[in-house]
Amino acid sequence: MSSLEDMPVRTRRFNDPAEPDDGYRLLVTRYRPRGVSKSEESWDDWWPHLGPSRDLHAAFWGKNGAPPLDFATYEHRFLQEMQAQTFHLRALIHRHKAGETITLLCSSACSDESRCHRSILRRLIESR
């Protein structure tokens, strides 16, 4: 059996070309991508509850009349929200520990993986 280092949790955008070794491709956005038909989906499953809440998403982008959140505040609030998602996180942790590669997919507009909730989710999965 392969080690966990061989079976990483990867991150990509949903419109990035699928790679043969992506494994289970999971879309983790609150909103389903517009204009993508079922037949064009590049993901195996969609778990919108692993995306930031509508309120947190709006706050991060400053769409609530306040300045945009800095990433440290966003990360803290996102981790608080994920405390309610232990069932789903455990499912991904189990798959990862079983040696399955997981690729977390986010929005096509999310160009900086290091400032995206998918990187926070990856750390959560890999740290357990």
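Q: What does S114 touch, not counting residues up to four places away in sequence?
A: S114 touches F71 and S119, where touching means having heavy atoms within 4.5 Å. This is a predicted model: local features need pLDDT of at least 70, side-chain atom pairs count only at pLDDT 80 or more, and totals for chains, interfaces and linings use all residues. Residues are numbered from 1 along each chain as its sequence is written, and side-chain values use heavy atoms, with hydrogens and water left out.

Q: Why is S114 called partly exposed?
A: Check its relative accessible area: under 20% is buried, over 50% is exposed, and partly exposed is whatever falls in between (1.4 Å probe, protein chains only). S114 comes out at 45%, so it counts as partly exposed. You'll find S114 in the loop between β4 and α4. Its C-alpha is 9.9 Å from that of T11, even though the two positions lie 103 residues apart along the chain.

Q: What makes H94 exposed?
A: H94 has a relative accessible area of 58%, so it goes down as exposed. H94 sits in helix α3. Try drawing a line from H94 to K63: they're 31 residues apart along the chain, and their C-alpha atoms are separated by 36 Å.

Q: How do you know whether D21 is buried, exposed or partly exposed?
A: Its relative accessible area is 43%, so the label for D21 is partly exposed. D21 is a loop residue, between β1 and β2 (24-27). Once residues up to four places away in sequence are set aside, D21 touches R10 and T101. That second partner is 80 residues from D21 in sequence, yet the two C-alpha atoms are 7.5 Å apart in space.

Q: What makes W46 count as partly exposed?
A: W46 has 30% relative accessibility, so partly exposed is the class for it. W46 is part of strand β3, which covers residues 45-46. Skip its neighbours within four places in sequence and W46 is still in contact with L26, L27, T29, R30, Y31 and R32. Take R32 from that list: it is 14 residues from W46 in sequence and 8.2 Å away, C-alpha to C-alpha.

Q: Why is α4 said to be largely enclosed by the rest of the structure?
A: Just look at the tally: seven of the 10 residues of helix α4 (residues 117-126) are buried, so the rest of the structure largely encloses this helix. The buried ones are H117, R118, S119, I120, L121, L124 and I125. As for what covers them, the list includes β1 (9-13), α2 (71-82), α3 (86-97) and β4 (102-106).

Q: How many helices and strands does the chain come to?
A: There are four helices and four strands. The names come from DSSP runs: H or I for helices, at least four residues, and E for strands, at least two, numbered from the N terminus. Follow the sequence and you get β-β-β-α-α-α-β-α.

Q: What makes the chain as compact as a globular protein of that length?
A: Here you set the radius of gyration, taken over C-alpha atoms, against the globule rule, which is 2.2 Å times the number of residues to the power 0.38. The chain has a radius of gyration of 15 Å and the rule gives 14 Å for 128 residues; the two are close, so the chain is as compact as a globular protein of that length. If you'd rather think in terms of a box, the C-alpha atoms fill one of roughly 50 × 35 × 25 Å along the principal axes.

Q: What share of the chain counts as buried, and what share of its contacts join residues at least 24 apart?
A: Buried residues make up 38% of the 128 in the chain. For contacts, take the ones between residues at least 6 apart in sequence: 60% of those join residues at least 24 apart.
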